[in-house]
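Before working with a model of this kind, it helps to ask how its elements are arranged and what surrounds its ligand. Please look at the sequence and coordinates first.

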Amino acid sequence: MTKRGAFICLEGLDGSGKTTQAKMLAEKLKDGYNAVYTAEPSRGKIGTFIRKHCLYGKKRLSSIVEALLFAADRMEHVETEILPALQQGRIVISDRYLYSSIAYQGAAGLSIEWIEKINEHALKPDLAVFIDVDPKVAMRRLKPNKSVMENLETQQKVREIYLKFVEKGILVRVNGNQPKNAVARELYIVVKKFLDTFH
Ligand SMILES: Nc1ncnc2c1ncn2[C@@H]1O[C@H](COP(=O)(O)OP(=O)(O)OP(=O)(O)O)[C@@H](O)[C@H]1O
Ligand SMILES: [Mg+2]
């Protein structure tokens, strides 16, 4: 029987370099592993709805409705993409996952316990990494088509919540305030160390 693959997620502020790093990591891991890149919101029906109505829509839905949609999209993502890939023994790298909901909807004022509750059926990642970038740096990196979730005050609150999960040992912090290749090297060391002891 194939060994179950490993589930890794990358978290961080908008503009912190998650997509850049997740893709670089997936490429690097292809040498020796069967790695696959995936992202949230997912490519499924609910993920598509979220991108249209929550990230770039003019009229925001309430934080509660958004949190429920993200949780629903996550379950669909787990069932249709993440679990099947893990069952094939692949390494799944998800660009955002559960901790994005906790940090963003938590920063919007919702209880973290409730966000965890509605996500309780979502598979726990085997390794969760926080790419930590100064919110001002992250803002500068963003293109003009920023989504509605992005302003400095929100980004600072989001970072504080992520850091609480670093303190608890749930997220592993990587310093994202460095050139892309240096971040990639630091991330790779964390991931390799994890993979060498996985199973
Ligand atoms: N270490 C870095 N130094 C400088 N610029 C970077 C670095 N990493 C990424 N960038 C640039 O910053 C921008 C945002 O990066 P990226 O899209 O990877 O961030 P993200 O975390 O995925 O953002 P979002 O949450 O908005 O999807 C891109 O133009 C990217 O090329
Ligand atoms: Mg991205």
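The questions and answers below go from the overall fold to single elements and then to the ligand.

This is a predicted model, in which local features need pLDDT of at least 70 and side-chain atom pairs count only at pLDDT 80 or more, whereas totals for chains, interfaces and linings use all residues. Residues are numbered from 1 along each chain as its sequence is written, with chains lettered from A and ligands numbered from 1 in the order in which they are written.

Q: Which pattern of helices and strands does the protein follow along the sequence?
A: Helices (H or I, at least four residues) and strands (E, at least two) are taken as DSSP runs, numbered from the N terminus. On that basis the protein has eight helices and five strands. Read along the sequence, their pattern is β-α-β-α-α-β-α-α-β-α-α-β-α.

Q: What is the radius of gyration of the protein?
A: The radius is taken over C-alpha atoms, and the globule rule is 2.2 Å times the number of residues to the power 0.38. For 199 residues that rule gives 16 Å, and the protein comes close to this, so it is as compact as a globular protein of that length, with a radius of gyration of 16 Å.

Q: Which residues of α7 are buried?
A: A residue counts as buried if 20 or more other C-beta atoms, placed from the backbone, lie within 10 Å of its own, as exposed if 12 or fewer do, and as partly exposed in between. Glu-153 and Glu-167 are exposed on the other side of α7. The buried residues of α7 are Gln-155, Val-158, Arg-159 and Tyr-162.

Q: Why do the buried residues of α7 lie on the same side?
A: An α-helix has 3.6 residues a turn, so residues three or four places apart point the same way. In α7, Gln-155, Val-158, Arg-159 and Tyr-162 are buried. They lie on the same side because, in directions from the helix axis to the C-beta atoms, they cover an arc of only 105°.

Q: Against which elements do the buried residues of α4 pack?
A: Helix α4 is mostly covered, since ten of its ten residues are buried, among them Leu-98, Tyr-99 and Ile-102. Contact here requires C-beta atoms, placed from the backbone, within 7 Å. The buried residues of α4 pack against β1, α3 (63-87), α5 (112-118), β4 and α7.

Q: Is Arg-96 buried or exposed?
A: Arg-96 lies in the loop between β3 (91-95) and α4, and has a positive phi of about 80° although it is not a glycine. Because it has 24 C-beta neighbours inside 10 Å, Arg-96 counts as buried.

Q: Where does Pro-41 lie?
A: The peptide bond from Glu-40 to Pro-41 is cis, with omega near -5°. Pro-41 lies in the loop between β2 (35-39) and α2 (45-55).

Q: Which element gives the most to the shell around ligand 1?
A: A residue is near the ligand if its C-beta atom, placed from the backbone, lies within 6 Å of it. By this rule 13 residues surround ligand 1, the closest being Gly-17, Lys-18, Thr-19, Thr-20 and Arg-141. Two or more residues come from each of α1 (18-29) and α8 (180-197). The element that gives the most, with three residues, is α1.

Key
Two residues are in contact if their C-beta atoms, placed from the backbone, lie within 7 Å.
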